[in-house]
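Please look over the model shown here with some care, following the strands and then the cysteines and a pocket.

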Amino acid sequence: MDPVADASAPACAVGGPAASVPLAAVVRDLGRQPYAPVWRAMQRFTDARDEATADELWVVEHEPVFTLGQAGKPEHVLAPGEIPVLHVDRGGQVTYHGPGQLVVYPLLDLRRLKIGVREYVCRIEQAIIDTLDEWNIVAERQDGAPGVYVAGAKVAALGIRVRRGCTFHGLSFNVGMDLEPFHRINPCGYQGLRVTSVLDLGGPSGMDAVKPVLLSELARQFGLDLQPAADLPDFTPAD
């Protein structure tokens, strides 16, 4: 089953942190990267991990790309032009990634956190909502449409995959980016869906302002003790 399909379940009720005792988690800031090598690297990480593997959060800006989820319909890609389209193994339909968008891939063991997929999605959404509140931006969920919205315009999208109880893929948060490519698709499969950014909502335009707030809110939601790591994942293509 597509894990994101459950995100249209009844409204979220998020309580305290998922973990009662903070769990160590590694944070890797990947900088700006093409999409495919990061995607393959998180697949390898998820396939190789076991119950003793520490959770990780990968933070990245991607080169321009459209990604179509595993059940995605090609007709939602209207006019990609020079921007490549990749069919990937997350839930959801089509979205755009590009510079100025903050992407976070939580690589978490849901069994260790003792939460299910629905709660996982709710907690990511809540972390984004609480991040926007830092700049007095009032955000909300929409029933049946995973992500975070401000006055009906989408500012953050979710697309996840869960394998053996462990998550990969994640969230994309429009900070200060060129939104024109979203007009070339039906964002997340919704014709005419408006898309916005933190900058357009009166917040900061820079990653350096938004990134630490979002990471802090994600850590609070999941009960994580974040530990930065300087080394990058192995982006070497598999044989």
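In this predicted model, Arg28 has Trp58 of strand 2 as its bridge partner, and this belongs to a pairing in which strand 1 (residues 23-33) and strand 2 run in the parallel sense over 8 bridges. Between these two strands the chain passes through helix 1 (residues 35-48), and the resulting β-α-β crossover is right-handed. Strand 2 also pairs with strand 6 (residues 101-107), here in the antiparallel sense and over 5 bridges, and within that pairing the partner of Leu57 is Pro106 in strand 6. Strand 2, which covers residues 55-62, is mostly covered, since 7 of its 8 residues are buried.

The two pairings of strand 2 can be set side by side.

| Partner of strand 2 | Sense | Bridges |
|---|---|---|
| Strand 1 | parallel | 8 bridges |
| Strand 6 | antiparallel | 5 bridges |

How many disulfides does the structure hold? There are 0, and for Cys166 the reason is distance, because its sulfur lies 20 Å from the closest cysteine sulfur, that of Cys122, which is too far for a bond. In general, a disulfide is a covalent bond joining the sulfur atoms of two cysteines. Cys166 counts as buried, with a relative accessibility of 1%, and Cys188, with a relative accessible area of 17%, is buried as well.

The second largest pocket has a volume of about 170 Å³. Its lining includes Leu78, Phe182, His183, Asn186 and Arg194, and by class this lining is made up of 7 nonpolar, 4 polar and 1 charged residues.

Conventions: Residues numbered from 1 in each chain as written. Predicted model: local features only at pLDDT ≥ 70, side-chain atom pairs only at ≥ 80, totals over all residues. Heavy atoms only, no water. Disulfide = S-S within 2.5 Å. Buried < 20%, exposed > 50% of the residue type's maximum accessible area, 1.4 Å probe, protein only. 1 Å grid on protein atoms, 1.4 Å probe; cavity = no way out; pocket = protein on both sides within 12 Å on 5 of 7 lines; lining within 4 Å. Points joined across faces, edges and corners; volume = space filled by probe spheres on them. Nonpolar A, V, L, I, M, F, W, Y, C, P; charged D, E, K, R; others polar. Helix = DSSP H or I, 4+ residues; strand = E, 2+ residues; numbered from the N terminus. Pairing = 2+ DSSP bridges. Right-handed = clockwise from strand over helix to strand, strands pointing away.
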